[in-house]
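Biologist: Could you take a close look at one part of this model for me, namely the salt bridges, and explain which side chains pair up and whether they are buried or exposed?

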Amino acid sequence: MKSTPLSLIAGTVALAAVTGFAALTAPGDADAPEAGAAARLPVERSSLLCPAPGGSDLSDTTYTSFTPAGKNDGEAGTAELKPSVALPVDEDVPSDAEKDEESEKDEDGEKDGAEEKDGAEEKAAAKEKAAAEKPVITLKESGKPATAETSESDAPALIGTATGKLAPGWAAQQTTTNLAGGSRGLLGVSCSGPDTDFWFPGASTAATRQDYVHLTNPDDTAAVADIELYGPEGTLKADVGDGITVPARSSVPMLISTLTTEAVEDVTVHVTTREGRVGAVVKAADDEAGSDWLAASEDPAGTLVMPGIPADATSVRLVAFAPGDDDADVKVQLMGKSATFSPAGKDTLHIKSQMTASVDLKNVTRGEPGSLLLSPAQGSTTPIVAALRVVRGTGDEQEIAYIPATGPVGERASVADNRAKGSVLSLTAPGETAKVKVTASAGSGGGEPTVKTYTVKGGTTLEVSPEVPSGLKGGYALTVETESGGPVHAARTLTIAQDGIQMFTVQTLPDDGGTVEVPAAEQDLSVLDD
């Protein structure tokens, strides 16, 4: 997931926002763009949020922070991920109704013992603040990832900011290996920026699932979020879910099944904020197939791409949702190794308005890597969201991962935490043939980057094992850049074998938002100095 760009060159952006233009070049610069022409400049500040990993005493989490090398002429900058203050999973989070009840408590009773607690609370707050201000991981240079590890089962969520040269394209990955319990598996998530609206098709309130939506607030004031659930018959009756307070610089996990009395296999979760902004991601745990993170789907659109279905997938389940007032009819197609085709008997899907639809595509890839393409059918243009639930293995050796619909890599996209073995990159071109450049960065502990160019034929999926950096020590990052042709969608699959089980996780690579368009100069502001 891309980071959220928070600012450009401060004065330029402020002036552009107020007046519609700004002076970006010196007078007489021969290379200056024509008046009124837009210019793209690197962002100077980015924000990322990583959820609390959770797990057991047998889990280990690796954090990786990375900014691709580029032609950034700004200040040196910093990139740090710091701990949030995470609430326990079983702690009640107040809703609007509960907050009203709390306000009716006897004020005199609340004052009892207050003076005795003041000293202890102040000390605890000071200790908590000091812990939160110490970075878990600090990135000091572009082009080379930094890593950190923890085995704490109660490790907090992380809140991060990158500035200067480290802001454009900043990416972070959280990877947890959990060997026991209902959350067993390889759980990977690309840390993402805060927002106000998220869609998660593919969650569940079934008895065999333990799905949590993690809400993380990066700001210094509380955020208030609402969670809506939609099943195959429409909105699920929710006992709570409105007006969830997420304290400043804190993280709140909500067990989705406790928000409703209805047990439904396929649920779409909609998270919005009425105050502030949050980072949101779903941790999905299945009693039989293990667990992984479910990232938010691409914003509602008529055409969606879900790249990176492994060749040996034993089960692929598509979950889709139409958030508008109209039904949607979509074509279901698999972009395979050499062509695009429709699964037999499942070439279309009807999605009723504000209802979750699903279809079991089984082992649709049949031994070849693929990517799923949803596009309008029968003249339908209704926007939708979608995700895939992918299983590898059978019986006691099942492993699960999720692939949400994602945007193209655009100008550039990166994914961190790749290993010497087990990393596979999937590239798919839903339109015309395209050419991309793939850079494997230097290793976190040493090594030289490698660069290779690939051509992706239109309507197909190309799966490659990246060329490992020479002399690699530690992990490395992958950066994909579009050089020519149509849009390319990408995903990275990381696989780690454990006791005969191929534990895996899939992360998509949307455009990193490392640059932003700013109006060019309309006038020479240097005359103001005369």
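Modeller: Arg412 is buried, its relative accessible area being 14%, and in this predicted model Arg412 forms a salt bridge with Asp512, with 2.7 Å between the closest N and O atoms. Asp512 sits in the loop between strand 39 (501–508) and strand 40 (515–519), while Arg412 belongs to the loop between strand 29 and strand 30 (413–418), so this pair ties together parts that are 100 residues apart in sequence. Asp512 also counts as buried, because its relative accessibility is 7% and the cut-off for buried is under 20%.

A second pair joins Glu399 and Arg184, whose closest N and O atoms are 2.8 Å apart in a salt bridge. Here Glu399 lies in strand 29 (residues 399–404) and Arg184 in the loop between strand 10 (171–178) and strand 11 (185–190), which means that the salt bridge ties together parts 215 residues apart in sequence. Glu399 is buried at 1% relative accessibility, and Arg184, with a relative accessible area of 18%, is buried as well.

A further salt bridge brings together the side chains of Arg209 and Asp211, at 2.7 Å from N to O. Arg209 counts as buried at 5% relative accessibility, and Asp211 is likewise buried, with a relative accessible area of 1%. These pairs are among the twelve salt bridges counted in the model.

Terms used: Residues are numbered from 1 along each chain as its sequence is written. This is a predicted model: local features need pLDDT of at least 70, side-chain atom pairs count only at pLDDT 80 or more; totals for chains, interfaces and linings use all residues. Side-chain values use heavy atoms; hydrogens and water are left out. A salt bridge is a side-chain nitrogen of Lys or Arg within 4 Å of a carboxyl oxygen of Asp or Glu. Helices (H or I, at least four residues) and strands (E, at least two) are DSSP runs, numbered from the N terminus. Buried means under 20% relative accessible area, exposed over 50%, partly exposed in between (1.4 Å probe, protein chains only).
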